[in-house]
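Trainee: I'd like a close look at one part of this protein, the spot where two charged side chains meet. Could you walk me through it and then show me how the rest fits around it?

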Amino acid sequence: MKELLMKIYNSVLVYEDDVINVSKVVDDEINLLVEPYQTRLSDDELETLKDLLSSTALIAEQTGFEVGMRFAIKLIFSLLSD
């Protein structure tokens with residue numbers, strides 16, 4: 001089921017306006033987080049840090065989608081079985 005949910009997320013959900021808006025907010029937050037390090041890190045190191053934070057955020061978004069879908073399916077099943 002995890003593979004199916006990831007296919008749905010990566011093929012459909014990433015193009016939804018809500019997800020695009022959240023991604024922009026996350027990118028802005030990442031830029032704020034790395035701002036204090038701009039003078040301490042080289043351009044390559046700063047880019048690596050941004051990439052790591054972006055990867056972490058994407059994993060969190062995908063996991064949140066998976067957990068939310070599993071909850072929704074359990075809830076629907078529970079409502080239908082009562």
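Mentor: Sure, let's start with Glu 66 and Arg 70, which both sit in helix α3, four residues apart, or about one turn of the helix. Keep in mind as we go that this is a predicted model. The side chains of Glu 66 and Arg 70 meet in a salt bridge, with 3.2 Å from N to O. The structure holds one salt bridge, so you're looking at it, since the cut-off for such a pair is a side-chain nitrogen of Lys or Arg within 4 Å of a carboxyl oxygen of Asp or Glu.

Now check how covered each partner is. Glu 66 has a relative accessible area of 12%, so it is buried, because buried means under 20%. Arg 70 comes out at 33% relative accessibility, so it counts as partly exposed.

What sits around Glu 66? Leaving out residues up to four places away in sequence, Glu 66 touches Lys 2, Leu 5 and Met 6. Two of those names come back in a moment, when we get to helix α1.

Go along α3 to Gln 62, which lies in that helix too. Gln 62 is at 16% relative accessibility, so it counts as buried. Setting aside neighbours within four places in sequence, its contacts are Met 6, Tyr 9 and Asn 10. So Met 6 is touched by Glu 66 and is also in contact with Gln 62.

Let's zoom out to the whole of α3, which runs over residues 43–81. The 39 residues of α3 should span 57 Å at 1.5 Å a residue, and its end C-alpha atoms are 57 Å apart, which agrees. The buried residues of α3 are Leu 46, Ala 57, Gln 62, Phe 65 and Glu 66. Among what covers them are α1 and α2.

Next, helix α1, which covers residues 2–11. Its buried residues include Leu 5, Met 6 and Tyr 9. These buried residues take up an arc of only 100 degrees around the axis, which puts them on the same side of α1. What covers the buried residues of α1 includes α2 and α3. Put that next to the contacts: Leu 5 and Met 6 are touched by Glu 66, while Met 6 and Tyr 9 are in contact with Gln 62.

Now flip α1 over. The face turned away from its buried side carries the exposed residues Glu 3, Leu 4, Lys 7 and Ser 11. Take Leu 4 as an example: at 51% relative accessibility, Leu 4 counts as exposed, because the cut-off for exposed is over 50%. Leu 4 also belongs to a nonpolar surface patch of about 240 Å², made together with Ile 8 and Val 12.

Then follow the chain out of α1 into the loop between α1 and α2, where you'll find Val 14. Val 14 is at 26% relative accessibility, so it counts as partly exposed. Not counting residues up to four places away in sequence, Val 14 touches Tyr 9, Val 19 and Ile 20. You can also relate this loop to where we were in α3: Val 14 and Gln 62 are 48 residues apart along the chain, and their C-alpha atoms are separated by 9.9 Å.

That brings us to helix α2, residues 17–34. α2 has 18 residues and reaches 26 Å from its first C-alpha to its last, close to the 26 Å expected at 1.5 Å a residue. The buried residues of α2 are Val 19, Ile 30 and Val 34. Seen down the axis of α2, they fall within an arc of 45 degrees, so they line one face of the helix. Cover for these buried residues includes α1 and α3. Turned away from that buried side is a face with the exposed residues Asp 17, Asp 18, Val 25 and Leu 32.

Finally, look at Thr 39, in the loop between α2 and α3. Thr 39 is exposed, with a relative accessible area of 76%. Compare its place with Tyr 9: the two are 30 residues apart in sequence and 36 Å apart in space, C-alpha to C-alpha.

So, back where we began: the salt bridge joins Glu 66 and Arg 70, and its Glu 66 end is buried, touching Lys 2, Leu 5 and Met 6.

Note on methods: Residues numbered from 1 in each chain as written. Predicted model: local features only at pLDDT ≥ 70, side-chain atom pairs only at ≥ 80, totals over all residues. Heavy atoms only, no water. Patch = residues over 30% accessible without salt bridge, like charges linked within 9 Å, V, L, I, M, F, W, Y side chains within 5 Å. Areas by Shrake-Rupley, 256 points an atom, 1.4 Å probe, with all protein chains shown as cover. Helix = DSSP H or I, 4+ residues; strand = E, 2+ residues; numbered from the N terminus. Buried < 20%, exposed > 50% of the residue type's maximum accessible area, 1.4 Å probe, protein only. Arc of directions from axis to C-beta. Contact = heavy atoms within 4.5 Å. Expected span 1.5 Å × (residues − 1).
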